[in-house]
Structures are given as structure tokens and as C-alpha cells.
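Please take a moment with the sequence and the 3D structure shown here before reading on. The paragraphs after them are meant to be read with both in view.

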Amino acid sequence: MNQQTLAIHAGYEKDAQSTMAVPIYQSTAYEFRDTEHAANLFELKELGNIYTRLMNPTTDVFEKRFAALEGGAAAIGTASGMAAIFYAIANVAEAGDNIIVAKQVYGGTTTLTGHTIKRFGIETRYFNVQNPSEIEELIDARTKLVLFESITNPSIDVADFDAITEIANKHDILTCVDNTVATPILCNPLQLGCDIVVHSASKYTTGQGLAIGGVIVERENLVEKIKDNPRYYHFNEPDESYHGLIYSDLPLPLFTLRVRLALLRDLGAAPSPFNSWLYIQGLETLPLRMRQHSDSALAIAKFLEAHPKVKKVNYPGLESDHNYVMGQNYFKGGHSGLLSFEVEDKATAQKIADSTKIFSLVVNIGDSKSIITHPASTTHQQLSAQELIEAGVPGGLVRLSIGLEDTQDLIDDLTAALG
Ligand code: PLP
């Protein structure tokens with residue numbers, strides 16, 4: 001089925017009331033028929049609702065729909081994109097392990113991987129996404145994950161999926177892609193050989209800056225890579241916290257199942273049913289919106305490229321961009337609404353960000369309202385000067401998230417702000 005149809009129908013079977021819109025099941029818990037039913041659910045002999053920290057019927061529709069859009073086997077919703085990224089890491093790595101992460105990632109991912117998980121004993125080794133061959137020398141027996149973004153935020157690089165997956169597969173290591181900026185409409189990492197996808201649903205999924213959320217999706221047959229793989233022994237040995245369950249023996253998508261049964265159970269960053277309902281509303285129009293965001297962003301990138309005060313524009317849809325060929329290989333139907341451009345220095349960038357009238361100065365992306373950000377003083381402020389350079393965030397960099405307003409109005413706003 002085409003994605004535009006899946007975005008509107010996947011995952012929803014009408015309930016007894018035959019409602020056209022997916023209902024919001026605003027409930028903490030669910031009644032069991034009897035103790036045998038309860039025991040069967042807990043033992044996974046039967047699948048069904050227990051408690052909203054673990055699952056919820058509205059969230060279930062969101063998860064199934066998102067999995068369908070990514071072409072994955074299963075998905076699990078989380079309370080934020082950061083929770084999704086943390087759970088994807090915590091599902092495979094423990095103290096003494098390491099993960100390999102692209103230098104060019106969202107600032108929150110840099111602080112999570114460089115600082116917070118370090119305190120849990122997990123080491124992060126970084127590679128330059130423009131030079132994936134660096135991954136090879138970072139791998140050892142305790143490497144559990146290679147994590148990168150399909151389009152990086154805010155340096156706007158496109159990952160070389162073929163090069164990264166080739167190295168990771170050679171060593172039987174899982175790859176995890178943050179596909180937030182591309183969305184499943186423009187890029188499907190699981191179809192490009194990756195194992196796990198994470199998203200911040202707070203961005204294009206809701207599409208109007210309405211709610212914080214995240215999602216993890218796993219590919220079909222992931223068990224092939226995990227079964228009897230010593231790196232992932234905890235999927236292959238009895239889980240004492242779950243009656244000796246061995247995940248790789250189950251006929252179910254095991255990665256998201258373990259996030260649900262172990263991490264959501266114990267750490268609890270589950271989405272609220274109302275937010276899941278908002279994500280479902282957003283998904284219905286995602287294919288249409290991503291086309292418009294992409295078309296408008298390309299027109300604005302071309303305008304900026306021709307502007308005398310702009311030193312450089314980063315947008316993979318531009319033929320002059322060093323990511324153009326990669327973008328053609330891995331993206332379909334556009335390159336999303338995120339672009340960045342460089343001006344002379346930090347003060348000039350700040351002046352532009354302070355002068356726009358339609359673009360709002362906000363640290364968000366993927367909204368119907370256009371947004372301007374100065375990463376060096378906001379999202380990436382906690383990064384050292386060296387980390388800023390490595391993340392591709394010079395002081396003169398301005399990031400734009402192109403919304404759904406009229407393209408010419410946005411160009412007029414930028415023309416005035418550039419002065
Ligand atoms: N990944 C990317 C690419 C992001 O841009 C963001 C937030 O801006 C996140 C993850 C974190 O998502 P959230 O804010 O939903 O926790």
C-alpha cells in the first residue's frame with residue numbers, strides 16, 4: 001500500500017462504536033476477565049492491555065502506523081525523542097560497553113552520549129559522518145551500537161548509509177538511525193539496511209509543535225542479527241526480571257518488546273494517550289506536508305545561495321551541496337524543511353535571527369510555523385568550542401526550519417533580515 005494511504009489508515013481497526021477518528025483511550029489500567037487472563041497477559045501467552053505505562057490502545061495505533069510508514073516490524077512510542085534515543089542505547093549497552101556515534105548529531109544526543117550515559121559506565125566513541133571509514137577502528141568486542149542521523153541537525157549532512165551499514169554488518173553490530181528530520185516519508189533507513197530507527201515525534205510528526213514524544217522502530221527479522229550474537233547476550237540468555245524469558249526465542253519483534261517489558265516497565269517514559277492521538281492526527285497529513293516543506297526549503301536555499309551576504313548554504317537538494325548525490329541516492333520526494341546557512345560571524349548571525357518577522361526565534365524544528373535558530377547560542381550552547389567545530393556548528397551558522405507559509409513571504413522576510 002502507498003504511504004499516503006498507510007498514513008491515514010494503518011493500525012486502526014474500528015472498535016464497537018465504529019468511530020472514524022481513532023478514539024483517545026484515556027485510561028491508566030485495563031480490567032482482566034479473570035486471574036487466568038491476567039496471568040496469560042503477564043506471561044505473554046496472550047497479548048493485551050495491562051497498564052498504560054506499558055501499552056495503550058491509542059498509542060498502539062500510533063505505533064502500528066509509524067511502523068508501517070517506516071516499513072518496520074514493530075514500533076514503540078516514548079514520552080520524548082530523547083527517551084527514544086536513550087532507550088535504544090540502554091536496550092543494548094551496559095556499564096563497560098561502548099557505542100559509536102556520529103559527531104554531527106542533535107545537541108541533546110551529544111550531551112546524552114558524551115556525558116549522561118558516561119555516568120552509567122557506557123563509553124561513546126565518535127566518528128565523522130562525512131568519513132564513515134573511521135568507524136572500523138573504533139569497534140571492539142564491547143561495541144553495541146552505531147548511532148547516526150539520516151540528515152544531521154543542524155549541519156545538514158546526509159549519512160552514507162551503504163558505507164556505515166557495511167562496516168557495522170561486518171561486525172554484527174546494530175545500527176540505529178535518528179530519522180527525525182527526514183521523516184519516513186522522505187527516507188526509510190530500514191529499507192537501506194539499518195536495524196533500528198528512532199524519531200522525535202515532537203517535530204514533523206505532530207507538525208504543529210503540539211506535543212513532545214518519540215518512537216523506536218525495528219526492522220523485520222532483526223532476530224537474525226541478535227540470535228546467538230555474543231554482543232547481545234542479554235537477548236539470548238534468561239531475563240531474571242521477567243521469569244527467565246529469552247527474548248530471541250519469542251516469535252515477536254524482540255527489540256521493541258524488550259524496550260516495553262524492561263525499560264518502559266522500569267523507567268516509565270511512556271507517551272500520554274492524548275499525545276499519541278495528536279501524533280496520529282499529524283501522521284495523516286505527513287506525506288502532503290513533507291512535500292510542501294521540501295519544495296519551499298529548496299526555493300529558499302536557492303535564494304540564499306544567490307545572496308551576497310551568505311557564505312554557504314547547507315541543503316542536500318542544492319546541486320552545489322556536497323551531499324547532493326547522497327541525497328539523490330537515499331531520499332525520495334524531497335529533502336525536508338531544515339536548512340542552515342553561514343554568514344560572516346556570530347554577531348551577524350544573531351542580528352539576522354533577531355530581525356525576522358515571520359520566522360520565530362525558537363529552538364524547535366518541523367513546525368508549520370517557520371523557525372529561525374542560532375545553534376551556537378541555544379541548542380549547542382553546552383558544547384565546547386572544539387565540540388562546536390566537530391558538530392559543524394560555527395558561530396555564524398543560522399538554522400531555518402521552513403514551515404508551511406507562502407514561500408515568497410518567507411523569502412521577503414529573510415531579504416529584510418539579511419539587510
Ligand atoms: N533528534 C533530533 C534530530 C532532534 O532535533 C531532537 C530535538 O530537537 C531530538 C532528537 C530530541 O527530541 P525531543 O525534543 O522530542 O526529546
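What follows is a guided reading of this structure, taking its nonpolar cores, its ligand, its aromatic pairs and two of its backbone angles in turn.

The model is a predicted one, and the nonpolar interior offers a place to begin. Its largest nonpolar core is made up of 91 residues, and those that have the most contacts inside it are I89, F127, V146, F148, L174, I216 and F255. Helix α11, which covers residues 254-267, gives the most to this core, contributing eight residues. The core also draws on both domains, taking at least three residues from domain 1 (3-274) and at least three from domain 2 (287-418). Separate from it there is a second core of 25 residues, with I352, A353, L400 and I411 among its members.

From the cores we can turn to the ligand. Around the ligand there are 15 residues, and the closest of these are G81, D178, S200, S202 and K203. Two serine side chains approach the ligand through their polar atoms: an N or O atom in the side chain of S202 is 2.5 Å from an oxygen atom of the ligand, while for the side chain of S200 the corresponding distance to a ligand oxygen is 2.8 Å. The backbone takes part as well, since a polar backbone atom of M82 is 2.9 Å from an oxygen atom of the ligand. How much of the ligand's accessible area does the protein cover? On its own the ligand has 390 Å² of accessible area, and the protein covers 91% of it.

The aromatic residues make up another part of the picture, with 10 aromatic pairs in the structure. A pair of aromatic rings is described by how far apart the centres are and by the angle of the planes. In the pair of F32 and F42, the ring centres are 6.3 Å apart and the planes stand at 65 degrees, so this pair is edge-to-face. Because F32 lies in the loop between α1 (3-9) and α2 (35-42) whereas F42 belongs to helix α2, the pair ties together parts that are 10 residues apart in sequence. Both partners are partly exposed, F32 with a relative accessible area of 29% and F42 with one of 41%.

The rings of F62 and Y279 have centres 4.9 Å apart and planes at 50 degrees, so this second pair is tilted. It links distant parts of the chain, with F62 in helix α3 (residues 57-70) and Y279 in helix α12 (residues 273-305), 217 residues apart. Are these two residues buried or exposed? F62 counts as buried because its relative accessibility is 0%, and Y279 is likewise buried with a relative accessible area of 0%. Together with F66, F62 and Y279 form one aromatic cluster.

The last stop is the backbone. Most residues other than glycine have a negative phi. D172 is not a glycine, yet its phi is positive, at about 55 degrees. D172 lies in the loop between α7 (161-170) and β5 (174-178), where it is partly exposed with a relative accessible area of 39%. T183, also a residue other than glycine, has a positive phi near 65 degrees. T183 lies in helix α8 (residues 183-186), and with a relative accessible area of 3% it is buried.

Definitions and conventions: Residues are numbered from 1 along each chain as its sequence is written. This is a predicted model: local features need pLDDT of at least 70, side-chain atom pairs count only at pLDDT 80 or more; totals for chains, interfaces and linings use all residues. Side-chain values use heavy atoms; hydrogens and water are left out. A nonpolar core is a set of buried Ala, Val, Leu, Ile, Met, Phe, Trp, Tyr and Cys residues joined through side-chain atoms within 4.5 Å. Buried means under 20% relative accessible area, exposed over 50%, partly exposed in between (1.4 Å probe, protein chains only). Helices (H or I, at least four residues) and strands (E, at least two) are DSSP runs, numbered from the N terminus. Domain bounds come from an automatic or database domain assignment. A residue is near a molecule or strand if one of its heavy atoms lies within 4 Å of it. A polar contact is a pair of N or O atoms within 3.5 Å; within protein, one must be able to donate a hydrogen and the other to accept it, and residues adjacent in sequence count only if both atoms are side-chain atoms. Accessible areas come from the Shrake-Rupley method with a 1.4 Å probe; for residues, only the protein chains shown count as cover. Rings of Phe, Tyr and Trp (its six-membered ring) pair if their centres lie within 6.5 Å; planes under 30 degrees apart count as stacked, over 60 as edge-to-face and the rest as tilted.
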